[in-house]
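Trainee: I'd like to learn how to read aromatic pairs and helices in a model. Can you walk me through it?

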Amino acid sequence: MKFITVDTYEKLSRQAANIISAQVIIKPDSVLGLATGSSPVGTYKQLIEWYRKGDIDFSRVTTVNLDEYVGLSGKDEQSYRYFMNKNLFEHVNIDLANTFVPNGCAVDLAGEGEQYDAHIKALGGIDMQLLGIGHDGHIGFNEPDDVFVKSTHVVELHESTVKANSRFFANEQEVPRLAITMGMVSIMQAKKILLIASGKQKRDILEKAFYGPITPRIPASILQLHPDITVIYSEE
């Protein structure tokens, strides 16, 4: 486990982008597990800048995203598919056919989860998984629970998560209460994990997740068992 502490979000973003770009340069056909939310926005901006300079090539990269809101189509501006398109995919030379996000509008959501897991397995697993961390320790939308859920599944979002995500919506009532999220098996089987967190308000949960007991009540704590994880924390 490797911890990197920086003093600004800009430095965090640059450091994270550097690790991801190194992965793609070393293995041009990498399978990248990607995340949404405010934490990775700066990282994606840096990757776009380096792509425009000719420093990184996404043409052979495949991506799989962690999660999606249930009930939102990819055209909805609040969906994670839309987020990824606007914040990364449309600005680099990645083949959109090789970018995958769980289908939150699937008629059979359980079946969608099974297919998503099977697809990740068929790709050979994830080479590098990018993660954020919630204030309650959730990764993806794996919320605090009595058990670690293995497979991609539908989860009812905790009120704290709904409240935290309401900043992206007009009001809290518009935030979906259900999401479909990658489970712990696909995350933990990633060859490398990169977790980013910014702000002093994340310090406490990082300490609990990486220095406390491994418990499904703090989902990120399972990452202590991963053989190759880097955590980048920005105090800003």
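Mentor: Let's take the aromatic pairs, then one helix. Keep in mind that this is a predicted model.

Trainee: How do I describe a ring pair, and how many aromatic pairs does a search of the whole structure find?

Mentor: A pair of aromatic rings is described by the distance of the centres and the angle of the planes. Here the search turns up six aromatic pairs. Take Phe3 and Phe210: the ring centres sit 5.5 Å apart with the planes at 90°, so we call the pair edge-to-face. Phe3 belongs to strand E1 and Phe210 to helix H7, so this pair ties together parts 207 residues apart in sequence.

Trainee: Are Phe3 and Phe210 buried or exposed?

Mentor: Phe3 is partly exposed, at 33% relative accessibility, while Phe210 is buried at 5%. Now look at Tyr69 and Tyr80: their pair is tilted, 4.9 Å centre to centre with 40° between the planes. Tyr69 is in strand E4 and Tyr80 in helix H3, 11 residues apart. Both tyrosines are buried, and with Phe141 and Phe169 they make one aromatic cluster.

Trainee: What about a helix? How far apart are the end C-alpha atoms of helix H2?

Mentor: They are 17 Å apart; at 1.5 Å a residue, the 12 residues of H2 (41-52) should span 16 Å, so the two values agree.

Trainee: Which residues of H2 are buried, and what covers them?

Mentor: Among the buried ones are Val41, Tyr44, Leu47 and Trp50. The cover includes helix H1, H3 and strands E2, E6 and E9. Just after H2, check Gly54, with a positive phi of about 85°.

How values were computed. Residues numbered from 1 in each chain as written. Predicted model: local features only at pLDDT ≥ 70, side-chain atom pairs only at ≥ 80, totals over all residues. Heavy atoms only, no water. Phe/Tyr/Trp six-rings, centres within 6.5 Å; stacked < 30°, edge-to-face > 60°. Helix = DSSP H or I, 4+ residues; strand = E, 2+ residues; numbered from the N terminus. Buried < 20%, exposed > 50% of the residue type's maximum accessible area, 1.4 Å probe, protein only. Expected span 1.5 Å × (residues − 1). Contact = heavy atoms within 4.5 Å.
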